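Open the model in your viewer and keep the selection panel at hand. The stops below say what to select and what is found there.

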Amino acid sequence: MMSGGGYSALDDPKASGSVPAATGTDPQAIRFADSNLQTFPPSEARGKIAGAYRPPTDADDTFSSKGGGAGSGGRGGSAGSDDAAQGGWFRMFSVAAYKPYFDVDTSDVVERIWESVFPFRGTFTEKTSENPDLYGPFWTCTTLIFVAASIATFVTYLSHKWHKKEWNYDINLVTWSAGLFYGYVTFVSLLLYVILKYLSAPAGLVQLWCLYGYSLFIFIPASLLSIVPIEIFRWVIAGVAGFMSATFVAVNLRAHIVNSGERWFLIVAGIFLLQLGLAVLLKLYFFTITV
């Protein structure tokens with residue numbers, strides 16, 4: 001009842017209009033399970049570096065690997081905001097887009113080099129379809145550049161000393177070597193990428209760079225053996241290395257190109273002959289000595 005402007009408890013809890021007090025245990029508090037909603041977008045990168053993303057893929061997945069998706073998770077800093085604002089092919093011009101392709105174990109690189117030494121297996125593209133790398137191809141090309149230039153310089157030096165002629169160092173060997181091998185892997189892969197896309201048999205551009213980069217490994221021991229001052233021996237070494245390298249590329253691409261129609265044989269033959277041409281050019285420019 002009301003008394004003195006205040007309220008007082010009802011004496012009879014069963015009185016009309018009263019609400020009985022709740023009894024029993026206190027209700028349990030609702031608790032939400034932890035989730036990953038606080039991190040957006042979630043990290044689903046396929047590379048070994050968490051939070052990295054791969055270069056963009058189009059509808060037929062022709063830029064990155066044949067089975068690789070374009071996960072885009074966990075980018076930090078201002079660079080991540082800029083990358084998120086960019087879309088499509090613009091990502092290929094950022095360094096971060098290629099970061100996963102340089103995160104590779106030594107065992108992976110050794111295994112892929114070993115595959116290039118046995119060209120008739122034809123399992124390289126299958127083994128690298130999910131995770132092609134650019135680390136191995138980059139260092140293969142870089143090593144070949146300096147090995148070829150240094151061995152060619154040393155062979156020329158020995159030849160001039162043998163004939164008692166004056167010898168001058170040719171710095172152009174390094175620049176020409178860099179232009180030849182870097183340019184060959186980059187632009188031949190790009191050309192083949194465009195051709196295969198036109199023939200409706202698209203291949204991953206990064207995977208082509210990976211394949212062509214590792215295909216040059218055999219030229220490193222071939223360059224070391226070219227120090228032997230016997231011309232016919234150098235030609236044999238260049239021919240064997242060129243044949244192995246060409247076979248490695250052709251056999252691994254054949255399974256992919258064979259479905260492009262009747263012209264697949266011409267494409268494979270062109271790939272094979274182009275790789276042989278590289279071996280001949282290597283022999284003529286670096287290991288043909290004139291005094």
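**Stop 1: the cavity**

The largest cavity has a volume of about 50 Å³. The model is a predicted one, and it holds one cavity of 30 Å³ or more. To display the lining, select F219, A222, S223, S226, I237, A238, A241, A279, L282, K283 and F287. Colour α7 (219-225), α8 and α9 next, since each of these helices supplies at least two of the lining residues.

**Stop 2: a salt bridge beside the cavity lining**

Keep K283, one of the lining residues, and add E231. The two side chains meet in a salt bridge, 2.7 Å from N to O. E231 belongs to helix α8 and K283 to helix α9, so the pair links distant parts of the chain, 52 residues apart. Which of the partners is buried, E231 or K283? K283 counts as buried at 1% relative accessibility, whereas E231 is partly exposed at 36%.

**Stop 3: the nonpolar patch**

Switch to a surface view and select I230, I232, W235, V236, V240, V280 and L284, which make a nonpolar surface patch of about 620 Å². Both α8 (231-257) and α9 (264-286) supply at least two of its residues; α8 gives the most, with four. W235 sits in helix α8 and is partly exposed, because its relative accessible area is 37%.

**Stop 4: the annotated spans**

An unreviewed UniProt entry lists residues 134-158, 178-196, 208-226, 232-253 and 265-286 under "transmembrane region". Select 232-253: this span is 100% helix and 0% strand, and its end C-alpha atoms lie 32 Å apart. Then select 134-158, where the chain is 96% helix and 0% strand, with 36 Å between the end C-alpha atoms.

**Stop 5: salt bridges around α2**

Six salt bridges are found in the whole structure. For one of them, select R112 and D133, whose closest N and O atoms are 2.4 Å apart. R112 is in helix α2 (residues 106-117), and D133 is in the loop between α3 (124-128) and α4 (135-162). Both partners are buried: R112 has a relative accessible area of 7%, and D133 is at 2%.

Now select E115 and K127, a salt bridge with 2.7 Å between the closest N and O atoms. This pair joins helix α2 to helix α3, across 12 residues. E115 is buried at 4% relative accessible area, while K127 is partly exposed at 44%. Finish by adding E111 and R121: salt bridges with shared partners join E111, E115, R121 and K127 into one network.

Notes. Residues are numbered from 1 along each chain as its sequence is written. This is a predicted model: local features need pLDDT of at least 70, side-chain atom pairs count only at pLDDT 80 or more; totals for chains, interfaces and linings use all residues. Side-chain values use heavy atoms; hydrogens and water are left out. UniProt positions are given in the numbering used here, feature names are shortened, and annotations may be inferred rather than shown by experiment. Patches are made of residues with over 30% relative accessible area and no salt bridge: like charges are joined within 9 Å, nonpolar side chains (Val, Leu, Ile, Met, Phe, Trp, Tyr) within 5 Å. Accessible areas come from the Shrake-Rupley method with a 1.4 Å probe; for residues, only the protein chains shown count as cover. A salt bridge is a side-chain nitrogen of Lys or Arg within 4 Å of a carboxyl oxygen of Asp or Glu. Buried means under 20% relative accessible area, exposed over 50%, partly exposed in between (1.4 Å probe, protein chains only). On a 1 Å grid over the protein atoms alone, a cavity is a set of points where a 1.4 Å probe fits but cannot get out, and a pocket is an open set with protein on both sides within 12 Å along at least five of seven lines; lining residues have an atom within 4 Å of a point. Grid points are joined across faces, edges and corners, and a volume is the space filled by probe spheres set on the points.
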